[in-house]
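Please look at the sequence and the 3D structure below, and then read on about a pocket, a core and a pair of strands.

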Amino acid sequence: VMDFYSAQIEVTWFQGQQELSGHVVATHVVPNGDWTHQLLVLLETSAAQRGVSSSCQVEQVSLEQPLSWHW
């Protein structure tokens, strides 16, 4: 997630409706120097999980509603 303001943010990974937390790796929120921030949150998967649907949800105070991406 890049170029967000303020630094408060929540990124959550899901498989279906189940929240995934055991295989999630995240950096600290990093300031960009222009009052915005960035964050990297990865979901570690294996080749055996290929074809399994996953989604990522971002909640941040500047968003009217959470954003979601599906794979």
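The largest pocket has a volume of about 160 Å³; on a 1 Å grid over the protein atoms alone, a pocket is an open set of points where a 1.4 Å probe fits, with protein on both sides within 12 Å along at least five of seven lines, and lining residues have an atom within 4 Å of a point. The volume is the space filled by probe spheres set on the points. This is a predicted model, in which local features need pLDDT of at least 70 and side-chain atom pairs count only at pLDDT 80 or more, while totals for chains, interfaces and linings use all residues. Residues are numbered from 1 along each chain, and side-chain values use heavy atoms, without hydrogens and water.

The lining includes Val 11, Trp 13, Cys 56, Val 58 and Trp 69, and by class it divides as follows.

| Class in the lining | Residues |
|---|---|
| nonpolar | 11 |
| polar | 1 |
| charged | no residues |

The largest nonpolar core, a set of buried residues (under 20% relative accessible area) joined through side-chain atoms within 4.5 Å, has 10 residues in all, among them Val 11, Trp 13, Val 41, Cys 56 and Val 58. Two or more residues come from each of β2, β7 (41–43) and β8, and the largest share, 3 residues, comes from β2. In soluble globular proteins, nonpolar side chains tend to be buried together.

Strand β8 pairs with β9 (residues 67–70) in the antiparallel sense over 4 bridges, where pairing requires at least two DSSP bridges and a strand is a DSSP run (E) of at least two residues. These two strands form a hairpin with 6 residues between them, and Cys 56 stands opposite Trp 69 in β9.

Notes:
Nonpolar A, V, L, I, M, F, W, Y, C, P; charged D, E, K, R; others polar. Buried < 20%, exposed > 50% of the residue type's maximum accessible area, 1.4 Å probe, protein only.
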